Amino acid sequence: MAENKRRGEDAGDERLPEDAVVDDTAEDDATSEEEPVSRGGTATRKRALAESTEGRKTRKDTERIGLFARIARFFREVVAELRKVIWPTRKELLTYTAVVVTFVAVMLAIVAGLDYGFAKAVLWVFGNPS
């Protein structure tokens, strides 16, 4: 009795030994279509299947919408997405621009220096053709 009331265990807790083999496939085979899905919901498999097919649009549904209506919908969705964007302040924009321009200038100097150096090295190795 004292062993059952160790820390974190209830008196009625029936635990298997660590080396015991459990066959989980027997429970899966017994599941029918009318039983609830095992992942914590009360929905049955039939209901989940029906809900997944209800949300699908058929070709007829999309053909009813005209070309201009689809273009207008596209632009409405673009505007809605642009409203969600967190735009930088003027100070942040200037800071980011300065960082980018500085980075590009440094990389340009590195590449130009390497190009000049390699050109001089090639001319030194193969001689000046003049």
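These legends go with a set of close-up views of one predicted model. Local features are described where pLDDT is at least 70, and side-chain atom pairs count only at pLDDT 80 or more, while totals for chains, interfaces and linings use all residues. Residues are numbered from 1 along each chain as its sequence is written, and side-chain values use heavy atoms, with hydrogens and water left out.

**View 1. The whole chain has 5 helices and 0 strands.** Helices (H or I, at least four residues) and strands (E, at least two) are DSSP runs, numbered from the N terminus. Just 1% of the 130 residues count as buried, where buried means under 20% relative accessible area, exposed over 50%, and partly exposed in between (1.4 Å probe, protein chains only). The accessible surface adds up to about 13,000 Å², and 60% of that belongs to carbon and sulfur atoms; areas come from the Shrake-Rupley method with a 1.4 Å probe, and for residues only the protein chains shown count as cover.

**View 2. Helix H5 runs from residue 90 to 126.** Its 37 residues reach 54 Å from first C-alpha to last, close to the 54 Å expected (1.5 Å times one less than the number of residues). Just after H5, Gly127 takes a positive phi of about 85°. An unreviewed UniProt entry annotates residues 93–114 as "transmembrane region"; such annotations may be inferred rather than shown by experiment. That span is 100% helix, and its end C-alpha atoms lie 32 Å apart.

**View 3. Two salt bridges turn up in the whole structure.** The rule asks for a side-chain nitrogen of Lys or Arg within 4 Å of a carboxyl oxygen of Asp or Glu. Arg73 and Glu77 meet at 3.1 Å, N to O, and sit 4 residues apart in helix H4, about one turn. Arg73 is partly exposed at 38%, and so is Glu77 at 41%. Glu81 and Lys84 meet at 3.2 Å, N to O; they are 3 residues apart in H4, again about one helical turn. Here Glu81 is partly exposed at 46%, whereas Lys84 is exposed at 59%.

**View 4. Phe74 and Phe75 make the 1 aromatic pair.** Rings of Phe, Tyr and Trp (its six-membered ring) pair if their centres lie within 6.5 Å; planes under 30 degrees apart count as stacked, over 60 as edge-to-face and the rest as tilted. These two have centres 5.4 Å apart and planes at 70°, so the pair is edge-to-face. Phe74 belongs to helix H4 (residues 67–84) and is partly exposed, at 49%.
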